[in-house]
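I am opening a notebook page on this structure, to be filled in as I look things up. I begin with charged pairs, then turn to sheets, nonpolar cores and cysteines.

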Amino acid sequence: MFVFFSTCTVYLVLFGSTQADENSCGLSMTWLETVSVTMNVSKNGFHRDLVTTVDFGPGFPDGLEALLVHRLPSGIYIDQYQLASLKEDTGLQVLLGSVVDLEAPAHTSEEFIVLVYPALDQGSLKATLPIHGRYHKPSLAGKRFELVEIKLPKLILRTDTCTQLISFPPYKIVDAPCTVHNLSICQWLEIQHLQEQDPVSLEIPLGDGSLVEPVCAGTLLVTLLCCVILSRSIWRHGVF
């Protein structure tokens with residue numbers, strides 16, 4: 001009885017594993033373990049580029065599609081008009097999860113979701129996303145920069161020939177727009193074991209809060225002085 005039970009158990013495990021492989025649409029566990037994601041920030045100041053690179057191992061399935069899901073903090077924003085221009089120039093495919101207020105400062109903004117649909121090139125992909133630092137409240141303690149951290153994006157995969165995925169630990173099935181046009185929802189496999197990487201950070205320049213009163217007073221004084229000079233000139237020479 002013990003031997004029969006063990007044999008049946010092994011059979012069920014193997015059968016379940018085989019069935020999962022057949023329904024993973026080529027996204028086998030062995031191949032998924034070769035996937036790695038890295039991210040860095042280039043340029044300086046308020047206007048940066050967020051560069052994400054995904055490397056796949058050999059033998060990736062035909063029709064593979066990838067989606068990067070960024071959750072960006074309130075300290076930065078993305079210009080949707082710039083994205084439209086980049087789509088025409090470089091083919092960058094980006095879908096924003098919400099409307100982004102370009103003028104709002106950091107303390108009145110919220111984090112937001114960005115979906116990037118990168119193109120695969122010979123077993124890897126690289127997505128460059130332009131980001132911009134928001135204005136922060138001036139510092140009253142002499143602090144010159146605000147540190148904004150950006151976490152590694154989630155990577156989800158699918159194949160264009162797959163009709164239904166079956167999840168298998170540690171991976172899980174998630175729903176997301178099939179394309180950047182957001183006309184239909186597809187099943188994607190979320191990759192869980194990506195290389196561990198600390199969040200990337202960027203320093204946003206801060207204003208000096210201790211100078212607010214002197215600057216306001218100086219601006220008011222200069223404005224009044226100009227008004228007096230203009231008034232005297234008009235009084236003497238009349239209006240032309």
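Is R71 buried or exposed? I looked this up in what is a predicted model, and R71 comes out as exposed, with a relative accessible area of 51%.

**Entry on salt bridges**

I find that the structure holds 4 salt bridges, and I followed up three of the pairs. R71 belongs to one of them, since its partner is E111 and the closest N and O atoms are 3.1 Å apart. This pair links distant parts of the chain, with E111 in the loop between β5 (94-96) and β6 (112-116) and R71 in strand β3, 40 residues apart. I note E111 as partly exposed, at 47% relative accessibility.

Next I looked at E65 and R158, whose side chains meet in a salt bridge at 2.8 Å, N to O. Here too distant parts of the chain are linked, because E65 lies in strand β3 (residues 64-72) and R158 in strand β9 (residues 154-159), 93 residues apart. I recorded E65 as partly exposed, with a relative accessible area of 26%, whereas R158 is buried, with 11%.

The third pair I checked is K154 and E190, which form a salt bridge at 3.9 Å, N to O. K154 lies in strand β9 and E190 in strand β11 (residues 185-190), so the pair ties together parts that are 36 residues apart in sequence. For K154 I have 48% relative accessible area, which is partly exposed, while E190 counts as buried at 6%.

**Entry on strand pairing**

How do β9 and β11 pair? I find them antiparallel, over 2 bridges, with L157 standing opposite L189 in β11. Strand β10 (residues 172-177) also pairs with β11 in the antiparallel sense, over 6 bridges, and I note that the bridge partner of P177 is I185 in β11.

I then turned to an open sheet of 4 strands, which run in the order β1-β2-β7-β4 with antiparallel pairing. The edges are β1 (36-42) and β4 (76-77), each with a single partner strand, so one side of each is left without a neighbour in the sheet. For β4 I looked up the contact with strand β7 (residues 124-133), to which it is joined by 2 bridges, and there I76 stands opposite G133.

**Entry on nonpolar cores**

Which residues touch the most other members of the largest nonpolar core? Among its 40 residues I find L32, L72, L129, I150, L155 and L157 in that role. Apart from this core lies another, of 11 residues, among them L67, L115, V180 and C186.

**Entry on cysteines**

I looked for disulfides and found that the structure holds 1. C178 and C186 form it, with their sulfur atoms 1.7 Å apart, and with 100° about the S-S bond the link is right-handed. Both C178 and C186 are buried, and C186 is also one of the members of the 11-residue core.

Why is C226 not bonded to C227? The sulfur of C227 is the closest cysteine sulfur to that of C226, but at 7.0 Å it is too far for a bond, given that a disulfide needs the sulfur atoms within 2.5 Å. C227 is in no disulfide. I noted the accessibility of these two cysteines as well, and C226 is partly exposed with a relative accessible area of 40%, while C227 counts as partly exposed at 42%.

How values were computed. Residues numbered from 1 in each chain as written. Predicted model: local features only at pLDDT ≥ 70, side-chain atom pairs only at ≥ 80, totals over all residues. Heavy atoms only, no water. Buried < 20%, exposed > 50% of the residue type's maximum accessible area, 1.4 Å probe, protein only. Pairing = 2+ DSSP bridges. Core = buried A, V, L, I, M, F, W, Y, C linked by side-chain atoms within 4.5 Å.
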